[in-house]
Amino acid sequence: MEKEEVFSEVIQSNRRGEVEFDERLKNFCSAIWRIKKDGSQTNIFSNTYMITGSIGEYYISKILGTEFNDKIFLGGDGGKDCIWRNKRISVKSSSANIDYNNGRFPKLCFFIDEELSSDYYVLVSVAGGRSVYYPTIIGWATLEDINKKKVIENGYPRSCSGSTERYVVTMSNLRDSLLK
């Protein structure tokens, strides 16, 4: 079986989960927040972004059986949140909920000046708060998928360079999407 098929099976069989916001995650998010807050990125990030992103990365690492990378990189991790079977995985997390009634769905977004160098990109919606979070895998894409299906939209927060432009892959264009 090819890696993409195995990856797809893991994603589908672990679509929804539960993550306890334990001391390790709290310390990791607090450390990132302090570094970002004291640096030039104060207006870009909030502690909520740190927690949402960390929960998504933690959950994907957990279901893939890889080590959660709790190292802090001042310039970011280069979009490689974990390595699974020699494939680089980037996790994009959102606190946006799926709203079927109003047609609002999370999107896989990248700052336009962000280097895309991972093999697989996973979109995770994170709900809950305080001590327990509930991640839901919205879908995923390969780098090739993204290069074929991305569109440019404006949105916030701004990137480190101040741009509001971002590449977007809609939920309907993701593999194993909840819309399919």
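This is a short walk through the fold of one protein, from its elements to its sheets and cores. The model is a predicted one, so please take everything that follows as computed.

I'll start with the overall layout. The protein has four helices and eight strands. Read from the N terminus, the elements go α-β-α-α-β-β-β-β-β-α-β-β. Of the contacts between residues at least 6 apart in sequence, 63% join residues at least 24 apart. Buried residues account for 45% of the 180 residues. The accessible surface is about 9,700 Å², and carbon and sulfur atoms hold 45% of that.

Now the sheets. One is an open sheet of five strands with mixed pairing, in the order β1-β6-β5-β3-β2. Its edges are β1, residues 19–20, and β2; each has a single partner strand, so one side of each has no neighbour in the sheet. At the β1 edge, two bridges connect β1 to β6, and the two strands run antiparallel. One pair to look at there is V19, whose bridge partner in β6 is Y133. Helix α1 packs on this sheet and touches β2, β3, β5 and β6. The direction of α1 makes about 155° with that of β6.

The other sheet to show is open and has three strands, ordered β4-β8-β7, with antiparallel pairing. Here β4, at 108–111, and β7, at 151–154, are the edge strands; each has a single partner, so one side of each is left without a neighbour in the sheet. From one strand to the next, the twist averages 40°. Between β7 and β8, residues 165–169, there are four bridges, and the strands run antiparallel. N154 has E165 in β8 as its bridge partner.

Next, the interior. In soluble globular proteins, nonpolar side chains tend to be buried together. The largest nonpolar core in this model has 29 residues, and F7, I60, L64, I89 and V122 touch the most other members. Elements giving two or more residues to this core are α1, α2, α3, β2, β3, β5 and β6. Helix α3 provides the largest share, seven residues.

What is F7 in contact with, leaving aside its neighbours within four places in sequence? The list is L64, W84, I89, Y120, V122 and W140.

There is also a second, separate core of 13 residues; I138, A141, I146 and M171 are among them.

To recap, we have the five-strand mixed sheet, the three-strand antiparallel sheet, and a largest nonpolar core of 29 residues. That's all from me.

Note on methods: Residues numbered from 1 in each chain as written. Predicted model: local features only at pLDDT ≥ 70, side-chain atom pairs only at ≥ 80, totals over all residues. Heavy atoms only, no water. Pairing = 2+ DSSP bridges. Axes fitted to C-alpha atoms, helices over the stretch in contact; angles between N-to-C directions. Core = buried A, V, L, I, M, F, W, Y, C linked by side-chain atoms within 4.5 Å. Buried < 20%, exposed > 50% of the residue type's maximum accessible area, 1.4 Å probe, protein only. Contact = heavy atoms within 4.5 Å. Areas by Shrake-Rupley, 256 points an atom, 1.4 Å probe, with all protein chains shown as cover.
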